[in-house]
Amino acid sequence: LVEASKAQSGALNVNLAPTDVRELLAQLDAEYRDRFGAAQLTPVLTLPETPLIAMADGRLLFRVLDNLLGNAVKYSLPGTRVYLSAAPASDGNAEILVRNISREALNIDPAELTERFVRGDSSRNTEGSGLGLSIAKSLVELQGGRFELSIDGDLFRADISLPLYRPQ
C-alpha cells in the first residue's frame, strides 16, 4: 500500500536515463521462459533490429513489465501465446505492447483495471493486492509515458508509450 501511495502521489524517486527497451524486453523474455513453459504459454517476442532507446527509469520500467508478464502467467489461457513487442512509433515515442488471451472472460471496463483493488474477474482470487495495474500505470506516468489497457473479448492488451531518447 505504501508503494502504491508513493507511485500515485508522485513521491517516488524517478531517474530518467537513456534505456534500451529492446535489451530490457529480451532480458524479461529470458527470465520468464520457465514460468511461461510451466503455465503452458508460448512467448512471442518481436523487437526491432537496432536498439530502441527511451527516456525511462529502467528499474521502474522493469517493474511495470514484470507485473504485466506476471499477470500473463497467472491469468492466461494455457496453450496460448503471450506477445511482447516494442517498436518506435510515428509520434516519436517508444511503444511497448503486451498481449495475452485471458483464461476467464474479461467482463470489465479496461479503465477499471487500473483502479486500486480491482481484479479482472471474480475468479482472480490468487495472491496479490489488486494494486498491480494501478501501480504500473502510475509508474509509467511518472516517467512521462502513457499506459493504456484494452480488452477485445478475451484478448487483454497493455500499451506503454515512452518518449524516445533524443541526444543533444
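How many bridges join strand β4 to strand β5, and in which direction do the two strands run? In this predicted model, seven bridges join β4 (residues 81-88) to β5 (residues 93-101), and the two run antiparallel.

## The sheet

Strands β4 and β5 belong to an open sheet of five strands. The order of the strands is β2-β4-β5-β7-β6, and the pairing is mixed. At the edges are β2 (42-46) and β6 (146-152), each of which pairs on one side only. On average, neighbouring strands of the sheet are turned by 15 degrees against each other, with direction ignored.

One position shows how β4 and β5 are matched. Val82 stands opposite Asn100, a residue of β5. A second link concerns Arg99 and Tyr83: the charged end of Arg99 sits over the ring of Tyr83, at 4.7 Å from the centre of that ring.

## Helices on the sheet

Helix α2 (residues 21-38) lies across three strands, β2, β4 and β5. The helix runs at about 170 degrees to β2.

Helix α4 (residues 132-142) also packs on the sheet, where it touches β6 and β7 (155-163). The direction of α4 makes about 140 degrees with that of β6.

## Rings and a charge in helix α2

A pair of aromatic rings is described by the distance of the centres and the angle of the planes. The count of aromatic pairs in this model comes to one. Tyr32 and Phe36 form this pair, with 5.7 Å from centre to centre and 40 degrees between the planes, an arrangement classed as tilted. Both residues lie in helix α2, four residues apart, which is about one turn of the helix.

Are Tyr32 and Phe36 buried or exposed? Tyr32 has a relative accessible area of 2% and Phe36 has a relative accessibility of 3%, so both count as buried, the limit being under 20%. Tyr32 has a further partner in Arg35, whose charged end sits over the ring of Tyr32, 3.9 Å from the ring centre.

## The loop after helix α2

Gln40 is placed in the loop between α2 and β2. Phi of Gln40 is near 60 degrees, which is a positive value in a residue other than glycine. Gln40 counts as exposed because its relative accessibility of 54% is over the 50% limit.

## Asp159 in strand β7

Asp159 is found in strand β7. Its relative accessible area is 13%, and Asp159 is therefore buried, since the limit is under 20%. The side chain of Asp159 makes a polar contact with the side chain of Arg157, at 2.9 Å.

Which residues is Asp159 in contact with, leaving aside its neighbours within four places in sequence? They are Ile96, Leu97, Arg146, Phe147, Glu148 and Ser150.

## Tyr165 after strand β7

Tyr165 is found in the segment after β7. With 35% relative accessibility, Tyr165 counts as partly exposed, because this value falls between the limits of 20% and 50%.

Where sequence and space are set side by side, Tyr165 and Ile53 are 112 residues apart in sequence and 5.6 Å apart in space, C-alpha to C-alpha. Ile53 is also one of the contacts of Tyr165 once neighbours within four places in sequence are left aside; the others are Pro18, Ala54 and Met55.

Technical notes:
Residues are numbered from 1 along each chain as its sequence is written. This is a predicted model: local features need pLDDT of at least 70, side-chain atom pairs count only at pLDDT 80 or more; totals for chains, interfaces and linings use all residues. Side-chain values use heavy atoms; hydrogens and water are left out. Two strands pair if DSSP finds at least two bridges between them. Axes are lines fitted to C-alpha atoms, for helices over the stretch in contact, and angles run from 0 to 180 degrees between N-to-C directions. Contact means heavy atoms within 4.5 Å. Rings of Phe, Tyr and Trp (its six-membered ring) pair if their centres lie within 6.5 Å; planes under 30 degrees apart count as stacked, over 60 as edge-to-face and the rest as tilted. Buried means under 20% relative accessible area, exposed over 50%, partly exposed in between (1.4 Å probe, protein chains only). A charge sits over a ring if NZ of Lys or CZ of Arg is within 6 Å of the ring centre and within 35 degrees of the ring normal. A polar contact is a pair of N or O atoms within 3.5 Å; within protein, one must be able to donate a hydrogen and the other to accept it, and residues adjacent in sequence count only if both atoms are side-chain atoms.
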